[in-house]
Amino acid sequence: MSNDLKIAFGSQTGNAKNLAYTIGEQLAARGLLNEVIDMSAMEPEELHHTHYLLIVTSTYGDGEAPENASEWLSFLKFNDHLNLHQLSFSVLGLGDTYYPHFCGCAKDFDEFLASHGAHRLTARLDCDLYYEEQYGEWIEEFTSSLLKTMKERDE
Ligand SMILES: Cc1cc2nc3c(=O)[nH]c(=O)nc-3n(C[C@H](O)[C@H](O)[C@H](O)COP(=O)(O)O)c2cc1C
């Protein structure tokens with residue numbers, strides 16, 4: 001079924017991973033099928049066959065990807081001729097404003113996916129340590145945009 005949502009996490013110490021599973025449970029409770037995956041467990045080429053994707057990722061180093069997300073990010077960054085028009089996506093970043101490249105990895109994913117023709121479901125959400133309020137609003141926006149897009153594509 002093409003309506004399945006993949007929630008892919010990039011995470012080093014578990015924060016983004018935990019949030020990805022929490023989101024998966026929240027969406028499942030609303031009847032939205034989804035699969036939570038570690039980015040390192042899926043070949044990035046499979047993005048060509050993915051229709052709905054939520055990336056939840058932290059940032060390390062100087063605005064770089066956590067280890068398990070680096071292959072996906074390189075794939076998107078160094079393949080100029082990708083065509084991901086079939087893909088609808090959103091990105092949620094977890095980071096720390098203490099660092100100059102706040103949520104740098106999330107920003108990169110967001111930009112590269114859009115530059116390869118993927119359709120952005122919602123504006124990216126960049127989260128610092130305390131994000132409950134922004135997250136609550138954002139997940140509502142994401143869910144309604146996702147449902148609307150799925151409905152349109154099924155018609
Ligand atoms: C060594 C180190 C480097 C980091 N670099 C950044 C950074 O450049 N930008 C940012 O927004 N957050 C940065 N962070 C913060 C992490 O992204 C943040 O703590 C996040 O919640 C970790 O999520 P994870 O457990 O899923 O990996 C850094 C944290 C550490 C420990």
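## A walk from two helices to the ligand

Let us start where two helices meet: Leu73, Leu76 and Lys77 of α2 are in contact with Cys105, Asp108, Phe109, Phe112 and Leu113 of α3, where contact means that the C-beta atoms, placed from the backbone, lie within 7 Å. The residues of this contact divide into six nonpolar, no polar and two charged. Here Ala, Val, Leu, Ile, Met, Phe, Trp, Tyr, Cys and Pro count as nonpolar, Asp, Glu, Lys and Arg as charged, and the others, Gly among them, as polar.

Before going on, please note that this is a predicted model, in which local features need pLDDT of at least 70 and side-chain atom pairs count only at pLDDT 80 or more, while totals for chains, interfaces and linings use all residues. Residues are numbered from 1 along each chain as its sequence is written. Helices (H or I, at least four residues) and strands (E, at least two) are DSSP runs, numbered from the N terminus.

Back to the helix pair: α2 (residues 70-78) and α3 pack at an angle of about 40°, with their axes 10 Å apart. Axes are lines fitted to C-alpha atoms, for helices over the stretch in contact, and angles run from 0 to 180 degrees between N-to-C directions. That makes α2 oblique to α3, since angles under 35 degrees count as roughly parallel, over 145 as roughly antiparallel, 65 to 115 as roughly perpendicular and the rest as oblique.

Phe78 also belongs to α2. Phe78 is exposed, with 9 other C-beta atoms within 10 Å; a residue is buried if 20 or more other C-beta atoms, placed from the backbone, lie within 10 Å of its own, exposed if 12 or fewer, and partly exposed in between.

Now look at the loop between β4 (88-94) and α3 (104-115), where you will find Cys103. Its phi is near 55°, a positive value in a residue other than glycine. Most residues other than glycine have a negative phi. Cys103 is buried, with 26 other C-beta atoms within 10 Å.

Strand β1 (residues 5-10) holds Lys6, which counts as buried with 20 C-beta neighbours inside 10 Å. Beyond its neighbours within four places in sequence, Lys6 is in contact with Glu35, Ile37, Thr50, Tyr52 and Leu53.

Last comes the ligand. Of the 22 residues around it, Ser11, Asn15, Ala16, Ser58 and Gly95 come nearest; a residue is near a molecule if its C-beta atom, placed from the backbone, lies within 6 Å of it. Helix α1 (residues 15-29) gives the most to this shell, with three residues.
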